[in-house]
Amino acid sequence: MKNMLRIEELRVTVEGKEILKGVTLEVGAGEVHAVMGPNGSGKSTLAYVLAGREGYEVTGGRVLFLGQDLLAMEPEERAAAGLFLAMQYPVEIPGVSNMYFLRQAMNAVRKARGEPEIAAGAFMKMLREKARLVGIRDELLKRDVNTGFSGGEKKRNEILQLAMLEPKLAVLDETDSGLDIDALKAVAEAVNSLRGPDRAFLVITHYQRLLEHIEPDHVHVMVDGRIRRSGGKELALELERHGYEQFAAAAA
Amino acid sequence: MGAATRRIDPPPFYGELFARERTRLPGHGRAALDRVREEAFTRFLGLGLPTQKAEAWKYSPITRLANREMALAEPTVPGLEEVSAWFGGGPATRRLIFVDGHLQPEFSHVGGLPAGVRVMGLARAIETIPEAVAEALAGCDPERAFSQLNAALTRSGAWIELADGVALEEPLQLLFLHRGGDSAVMTHPRIVIRLGRGARLHLLETHAGSGSGHCFVNLVGQAVLGDGAELLCDRLQLGGSGLSLLARGFLEMGAGARLRATTVALGSGFLRNEIELRLAGREGEAILSGLYMPRGEEHVDTLVRIHHEAENCHSDQFYKGVVEDRARAAFAGKIIVHRGAQKTNAYQANNNLLLSDRAEVNSKPELEIYADDVKCSHGATCGDLDPEALFYLRARGLAREVASSLLVYAFANEVIERMADARLQALTRRAMLERVPGGAALEAEGLL
Amino acid sequence: MSSTIETLKEHTSGEYKYGFMTAVEEETTPPGLDEEVIRRISARKEEPEWLTEWRLAAYRRWRAMAEPDWQKVTYPPIDYQAISYFAAPKQKERPKSLDDIDPEIRRTYEKLGIPIREQEILAGVAVDYVFDSVSVATTFKNKLAELGIVFCSISEAVRDHPELVREYLGSVVPQGDNFFAALNSAVFTDGSFVYVPKGVRCPMELSTYFRINAAGTGQFERTLIIADEGSYVSYLEGCTAPMRDENQLHAAVVELIALDDAEIKYSTVQNWYPGDREGKGGIYNFVTKRGICRGRRSKISWTQVETGSAITWKYPSCILQGDDSVGEFYSVALTNNFQQADTGTKMIHIGKRTRSRIVAKGIAAGRSDSTYRGLVRILRGATGARNHTQCDSLLIGDRCGAHTVPYIEVRNRSAEVEHEATTSKISEDQLFYCRSRGFPEEDAVALIVNGFCREVMEELPMEFAVEARKLLGISLEGSVG
Ligand SMILES: Nc1ncnc2c1ncn2[C@@H]1O[C@H](COP(=O)(O)OP(=O)(O)O)[C@@H](O)[C@H]1O
Ligand SMILES: [Mg+2]
């Protein structure tokens, strides 16, 4: 199986405090990995570092994405290379319409890949289709990016972008939190429909609930900045029953 | 609009007055102080009186008042009730009491101070620490004519000094009674406050005057707050038609210092409060609140300038006005964020109720910003009472007048509630209520 | 939303892309200003006696005036005797038809993207082309004339419609209004004139394109727009200048008059040469623009996108005299490098139930300074007047400044005035979000800035909105990273 993402002994410090303390993780093409862990264990930090947000100091280790040194790339280069992060707290951008944003983002990524711009008609068609898939009303497409969206709408909007941008690796950071059961199903369905041999997912969550709908190939437990255990999907069930206590004790 | 029209030469009586009075001023004969006074007076003549072309005085016709021939006020002795009516604080509150700019030792009481605290009248300070006084006068506000005039002519006021780590738990009140006389007089009180690191002071400053005789008060306060020091300041100003009160505060705050000042300038013939504040150390915090309620032909204006010079400081201006009859109100508040003062948080609000077609509200909320990582905002409004709220109250059975009075009261009270001293707050609230049309009825109806 | 980041990119490669010069033979007066020069300008333009006298009166007032110094801009003293007050391409007379225009000038406007012709790209927009001191062409004149609309250069108007010019010239901006207006009144050379008769809705956008070409000159144009009862007109103004190391003065006056039920919409995209990255050169833009809503229910709406000039000093204002009249001001002022902008508006409420709305967006980058300065004055008789003002500033980088100086003066109890302002930096979160979706940093900044300005951009006519969006991106070039 082709290796897509390879994180080796990654250490990250935020404002002088070490958050990731040596994370090692490999994700192959076509795989779905779940990262679970209690609040504050460093899951979002990992996601942001992968996407290239500022304010995170990498003090050790490295990350290879499709063989390239991911950490040396600018955020937009990572996007162009096929990395997508669905954020735990999507950002509002007043004044910029959602539709316009999506189209420009698609073209930016396409251009970086040397592909031609998407035609207006094709774009609209694709947008309608995908919007229906994730359950986004037309009206939300016309509004400004995430502005005035409910928590659930923001999450669906992230998945819509995911569906439109068709990345190689999608990192979903707690996309399930704040969703009601219908929304959860819609999001899961959308994700499942995007699964394929060339695409991998890193699904961050701290509930097993999402994993009932998106079946992972591998589950990792992150506690206090380290992957404490890895296993198959049964690990998620075990966590559901026994919680993270056992790992917390080990970490102390 | 050249610089020439922004000032006029002070009329000659100032020169004559200075020549006549200088030998009678406290500390005369001490070379350092004499020199400071001379220089200040020369600067005053050079700076001249500001006209309304000068931006800071755009809405303040001060020159008309300052141009009248005045003499320095002579001491008079009031009755106790006249003074005690303005007492804030509690039984242990220390007070310095000034009548027409003269300290009244018989009413004042500043005994039993804890170690590390020095509170005295300015004349005493000139006797005991002349160099420090000379230095304080010389160093303050070189570009402002009235501050220079004050430095030249001041003869009373307060010197308040707290050593590092010292707190004065009971409030200290500076009580000013401006009685005026038959002929026009002026006074130039000076307040100097020095708070050491972590020192704490709660100051009450009240100005009252009933007379209609022209009394021009040119007050200058200067305060230095050391790192972590805290100054709480409640101020009430209420004078008659003859009182022109010009009160200037210049404050410098160290790292982590905190200031909370609430100024209720109810009214007077002419009232102007200026606060210039430097947040010179990191994490300083200043909360300034104010209420003005001029009526009749009164004029009240406020000028606030806050300099954010260090990172992570917070400032908040909250000013409200209720303007009646033919009165005029002006608010000019400026936030200046200097280069490098990142993570500044500054807010400014000025809300006005204009309750008469002959009254006037002027507001100038200003931002001057040279650092990018800041959150600064301001809002200013002017309008009549909210018709929705009025309707709501009336629908609940309140008579129209009562409902209006209640809304005005509620609007004004938001500021008064910020006063820290309960007694002064109650006194202020009562005085405010008297200015609300139909305010007395509110109390009678038991709505408060 | 037809513009794309793509077109924006195209433009970003060339910095100020309008900086070329046109090699036409020009006639210029020698530098300096005195009564003789004014008489010569007036004679050259074959003006009637009253106008010559009007100019001279303005000149005499100007001599007694001082340059304003309250604005938040600094510049070395201007030597008014070093400026040449008249420059015009040499040509016997104004071309009779569009085909007679000097090919060099024609090429200039083609390069600027506004070819002089009445078809294709600019169909639906009638353009008056002002090259240095004179108007060189006006398109669609005949078509407009059929409706009784007068759209011509102000010189032609003086000749052909003297009664209108005489009645309205200086009626909104009096000769002695301010230093720069007085100077303009003395030496104005050309500009546009519009008269829309009663009840006529002007069917196309009217536009003037100003171009400074000659060196050592100033441009002093004068625009006068009169909308008679029940009429409507939308007017656009654009401008560019060559890149030169020297500073050039532009001191225009614009007067708008709206009678009962009339509406004037005036849009500007100001793109004078801003100077280079070190702050060398650039236009000094000192402009007086004012409209009066004389009639009941009349409306004047100013929209401006200010990206050019080394110094911008302008306060398009509305005098709301007619009852129920409406004034609007929508502004984007973007400064970069060493630019300084002090701009805003005045809304003077005189009539009953007059309403005004102000939306001002300031963006400062580089070492620039951007100031909003505005006045809202509600006079005693303006019962039921309303104003709402929103001023937002965005800072890009920590070497620039953004300032807000509003004046609010209320003298009527029933008036309601609300002013809000915010200042913040461009959000790191938004930047990261856009970049993680694939936008390069400069595009992300342009996108966010465009979003920040959208309320204003939406007020621009379509043709201009696209241009303006691109301009914002170009002007921000080099402001990040
Ligand atoms: N910007 C930041 N500044 C300081 N601490 C941070 C910051 N971001 C995250 N942290 C800290 O890092 C730890 C991990 O946070 P996070 O990665 O968000 O955890 P999770 O997503 O697993 O809940 C927490 O202790 C959090 O408080
Ligand atoms: Mg998280």
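**Exercise 1.** In this predicted model, find the polar backbone atoms that lie close to oxygen atoms of ligand 1, using a cut-off of 3.5 Å for a pair of N or O atoms.

*Solution.* Start with A:Ser41: one of its polar backbone atoms is 3.2 Å from an oxygen atom of ligand 1. Next, go to A:Ser44, where a polar backbone atom is 2.9 Å from a ligand 1 oxygen. Both pairs pass, because the cut-off is 3.5 Å.

**Exercise 2.** Now try a side chain: how far is a polar side-chain atom of A:Lys17 from an oxygen atom of ligand 1?

*Solution.* Select the side chain of A:Lys17 and look for its polar atom; the distance to a ligand 1 oxygen comes out at 3.3 Å. To put the contact in context, consider the area: ligand 1 exposes 560 Å² when taken alone, and the protein buries 64% of that.

**Exercise 3.** Describe the shell around ligand 1 by residue, by class and by secondary structure element.

*Solution.* First, collect the residues: among them are A:Val14, A:Glu15, A:Ile19, A:Pro38 and A:Asn39, as well as A:Gly40, A:Gly42, A:Lys43 and A:Thr45. Second, sort the shell by class, which gives 6 polar, 3 nonpolar and 3 charged residues. Third, map the shell onto chain A: β2 (17-28) and α1 (43-51) each provide at least two residues. Of the elements, α1(A) contributes the most, with 3 residues.

**Exercise 4.** Which pair of chains has the most contacts, and how far apart are the nearest C-alpha atoms of chains A and B?

*Solution.* Of the 2 pairs of chains that touch, B and C share the most contacts. Chains A and B do not touch, and their nearest C-alpha atoms are 15 Å apart.

Note on methods
Residues are numbered from 1 along each chain as its sequence is written. Chains are lettered from A and ligands numbered from 1 in the order in which they are written. This is a predicted model: local features need pLDDT of at least 70, side-chain atom pairs count only at pLDDT 80 or more; totals for chains, interfaces and linings use all residues. Side-chain values use heavy atoms; hydrogens and water are left out. A residue is near a molecule or strand if one of its heavy atoms lies within 4 Å of it. A polar contact is a pair of N or O atoms within 3.5 Å; within protein, one must be able to donate a hydrogen and the other to accept it, and residues adjacent in sequence count only if both atoms are side-chain atoms. Accessible areas come from the Shrake-Rupley method with a 1.4 Å probe; for residues, only the protein chains shown count as cover. Helices (H or I, at least four residues) and strands (E, at least two) are DSSP runs, numbered from the N terminus. Ala, Val, Leu, Ile, Met, Phe, Trp, Tyr, Cys and Pro count as nonpolar, Asp, Glu, Lys and Arg as charged, and the others, Gly among them, as polar. Contact means heavy atoms within 4.5 Å.
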